[in-house]
Amino acid sequence: MASRRKPLPRRYREEQVVTIDKDSAPRLIWFGEDLLLEELPVGTRVVYPRPPMEGLRNPRAAIRHALTHAEEMDPLHAHLRPGMRVTVAMDDISLPLPPMRTPDVRQQVLEAVLEMLSDYGVDDIHLVVATSLHRRMTESEIRRMVGSRIFESFWPARLYNHDAEEPDGMIELGKTRRGEPVWLQRRAVESDLVIYVNINLVPMDGGHKSVGVGLSNWETLRAHHNPRAILKSDSYMDPSRSEMHHSCDRIGRVVEQHVKVFHIETALNNRMYADSMDFLAKNEDDFTDGDRLKMQAMRFALKKLPRAARREVFMRVPSCYEMVAVHAGKAEPVHAKILESNFRQYAIPLSGQADIVISGIPYISPYNVNSRALNPLLVQVMGLGYFHNMYRHQPVLKKGGVLILAHPCVDDFDPDHHPSYIEMFNRLLTQTRDSEALEKHEEEFAKNPSYVGMYRHGHAYHGAHPFYMWYWGENGRAHVGKVIVVGSENRHVPEILGWERADTLSEAIAMARSHAGRSAEITMLHHPPIFISDVG
Amino acid sequence: MRNLAAFFDVDGTLVQGNVVHTFAFYATNEPTLTRSAAKYLMTLASIPLFVLIDQWSRKGFNEFFYRYYKGMAEDRLRYLAAEMFEEVLRPRIFPGAPGLVQKAKAAGCRTVIVSGALDFILQPLSDHLGADDMVANRLEFVGGYATGRMLRPVVAGASKASIVRDYCAERGLDLAGSYAYADSASDYPLLSVVGRPAAVNPDLRLRGLAREFDWPILDLR
């Protein structure tokens, strides 16, 4: 399987791709709420994110400019008239990761939009967090996201979470030409104008997916959140080659026949870490004395703290993302421009695939912000779902190669956020890992009145959500020959997920080489911050 | 398609309050002012005793408490039930309760109210929520007047579990796939007999049990 590549001396082939040699520094690898510091074999290719693009100097002016220079639509003010009904929907806490320092981009956009609505005498306005089947955001999370001024004016009667299970709260608009049912929130359908405020953290987000998923329900989502659509997505971070996105586009076009939607999309740079942690995004060979000091201090502190405290510390450090682009208007042209910005920040050209890919799994995912744990299903979706799919053209890993993940795989679930995950993991995954077989149970979970109740009245993800997490690893599972997890604290979690385990990275690499050959090419993905590999 | 059921406790689960509230309504609606005052004051004075007995045994509490109905006319109790529902129960229904019953029906479950409260009190609530069936306590009436005794079986505590088990067996319902919802640790037997239990607005003991067994915890308030 492996083809021999001559080991390169340590130098930059591109700035973001480094090849390990004898003098290379050990590399930091995320390991849940901790970091490993590991020597990598000579010849290992390490891929780093690009440095953050420069943020917009005057984001408020850029937002106002976007609203008044809409793409293939009249400017926002041209759609407004006194007495009209407007629904402003926005992305939820699943992005950006971790939640950004205030003011959040959504607050900045909302302030500009609401000011314009007020100027034009529009006062029938509802603000809806487009959670889809994600958990409801808490009061304090929403306040932080929209800012106190907006929160005080609208909460709770006119600022609330979407409820996909509200009796009579959803309307079926029709079907796409492929027969996908299109359901949408009643308030949005009955509005004269829907304005969607998006943060496009990854290329998978935004476009028709914003409204068509964010304000929809399980009946619509099952049309594309299924194993077949995921298998046909190559990858789902590349919307042009993603069956899931093609389905979302069809759904979005049906929505547009019934509802006037004005999209506002934003792109961020990748300044994920605050100054105290910015060394985490750097090439370790380039560490300054200050970086090394920060790293040692952090590793010392992490060693002394229990896991819960480490998690709390990480969750409390906001990210420092800055807006790099904002566009408004019709879904497709707006999204195309935002994707360009995304790829300018994220795309890393990479020549050739690898036999072995190493990837650390951090403490956070889109689905466990402020949760008690990154549970085993989420570890799985980070490894075989998100990180595997962060490519264009072809995966970083060769077909049948070995994926090495680093995570303690603790058997811990947040019972308030992820109740249905507990049952799915323990009752179903212990019987089968076959997605088609698992899918037969999806409806039972989706309609389980307890899970529906916890979704509607608590802060639980929808009963069907753990199935999506499993499906989202489907093309990863089909592609990867073997997954080895480094440092799992137990045997049963990797076993249930169908993975092998190793105590150390060197043991994992030895195991991987016995599968892929002694001359196997190894690539380590040094993320987050996220990047997308353009594999040629 | 499996035949499933969802069993709902009432007091504290779907409705705020307990059987004392409904009795207080009847006590204040006695035919004469003096009887009303006497019943009401007697009930008020007995509250500490109710609490003590309830802590000892829910079944014992029911048997003791329903003695207070002794001498009340059956037709009057039934006649006032609709008014009692509007004045006492309806405002106390938790906001999430109707939706929960509705979602259970949508999931294909036979929805059953299982409560230690009295049948004529629960009937309007059951109708309002659209439940398919009701298992409740029944007073004994002789000559049209309540004797203060209850007909067997008494619905409370452990007996709820056996009632639910028998109910499923008689109707060919799949107990292992069925749901139960309750708020109190005294309903632990009811919850543990079904395959899909959930704690609703749970007391501390039940919350602890629910955490222990990974049961869903719902807040319908």
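# Notebook: loops, helices and one interchain crossing

I began with A:Cys409, which sits in the loop between strand S17 (397–406) and helix H14 (419–428) of chain A. The model I am reading is a predicted one. I looked up the backbone of A:Cys409 and found phi near 50 degrees, a positive value in a residue other than glycine. Most residues other than glycine have a negative phi, so I noted the residue for the record. I then checked exposure: A:Cys409 has a relative accessible area of 1% and is therefore buried, the limit being under 20%.

**Entry: a second positive phi**

I turned to A:Asn370, in the loop between strand S15 (354–362) and H13 of chain A. Its phi is positive as well, about 65 degrees, although A:Asn370 is not a glycine. Is A:Asn370 buried or exposed? I obtained a relative accessibility of 29%, so A:Asn370 counts as partly exposed.

**Entry: cis peptide bonds**

Most peptide bonds are trans, so I recorded the cis cases that I looked up. The bond from A:Trp155 to A:Pro156 is cis, with omega near -5 degrees. I placed A:Pro156 in the loop between helix H4 (148–154) and strand S8 (159–161) of chain A. The bond from A:Pro528 to A:Pro529 is also cis, and here omega is near 5 degrees. A:Pro529 belongs to the loop that joins strand S20 (522–525) and strand S21 (532–535) of chain A.

**Entry: helix H13 of chain A**

I compared the length of H13(A), residues 376–387, with expectation. Its 12 residues should span 16 Å at 1.5 Å a residue, and the end C-alpha atoms are 15 Å apart, so the two values agree. How many residues of H13(A) are buried? I counted 12 of 12, which leaves the helix mostly covered. The buried set includes A:Pro376, A:Leu378, A:Met382, A:Tyr386 and A:Phe387. At the start of H13(A), I noted that a side-chain oxygen of A:Asn375 comes to within 3.0 Å of the backbone nitrogen of A:Leu377.

I then examined A:Gln380, a residue of helix H13 of chain A. With a relative accessible area of 0%, A:Gln380 is buried. Leaving aside residues up to four places away in sequence, I found A:Gln380 touching A:Gly385, A:Met469, A:Trp470, A:Gly473, A:Arg477, A:Leu497 and A:Trp499. I also looked up one C-alpha separation: A:Gln380 and A:Trp470 are 90 residues apart along the chain, yet their C-alpha atoms are separated by 7.6 Å.

**Entry: A:Met100 and A:Gln107**

A:Met100 lies in the loop between strand S6 (85–90) and H2 of chain A. I found it buried, because its relative accessibility is 2%. Beyond the residues up to four places away in sequence, A:Met100 touches A:Val105, A:Arg144, A:Pro318, A:Ser319 and A:Tyr321. For A:Met100 and A:Leu117, 17 residues apart in sequence, I obtained a C-alpha to C-alpha distance of 26 Å.

A:Gln107 is within helix H2 (residues 105–119) of chain A. Its relative accessibility is 13%, so I entered A:Gln107 as buried. With residues up to four places away in sequence left out, its contacts are A:Arg144, A:Met145, A:Val146, A:Gly147 and A:Ile150. A:Arg144 thus appears in the contact list of A:Gln107 and in that of A:Met100.

**Entry: chain B**

I summarised chain B next. Its secondary structure comprises 9 helices and 8 strands. Of the 221 residues in chain B, 55% are buried. Among contacts in chain B with a separation of 6 or more, 59% come from residues 24 or more positions apart.

**Entry: H17(A) against H5(B)**

Two packed helices are described by the angle between their axes and the distance between the axes. I looked up both for helix H17 (residues 449–457) of chain A and helix H5 (residues 97–106) of chain B: the axes come within 9 Å and cross at roughly 145 degrees. The crossing of H17(A) past H5(B) is right-handed. Which residues make the contact? From H17(A) I listed A:Pro449, A:Val452 and A:Arg456, and from H5(B) B:Gly99, B:Leu100, B:Lys103 and B:Ala104. Sorted by class, the contact holds 4 nonpolar, 1 polar and 2 charged residues.

Notes. Residues numbered from 1 in each chain as written. Chains lettered and ligands numbered in written order. Predicted model: local features only at pLDDT ≥ 70, side-chain atom pairs only at ≥ 80, totals over all residues. Heavy atoms only, no water. Axes fitted to C-alpha atoms, helices over the stretch in contact; angles between N-to-C directions. Helix = DSSP H or I, 4+ residues; strand = E, 2+ residues; numbered from the N terminus. Left-handed = near helix turned anticlockwise from the far one by under 90°. Contact = heavy atoms within 4.5 Å. Nonpolar A, V, L, I, M, F, W, Y, C, P; charged D, E, K, R; others polar. Expected span 1.5 Å × (residues − 1). Buried < 20%, exposed > 50% of the residue type's maximum accessible area, 1.4 Å probe, protein only. Polar contact = N/O pair within 3.5 Å; in protein donor to acceptor, adjacent residues only side chain to side chain.
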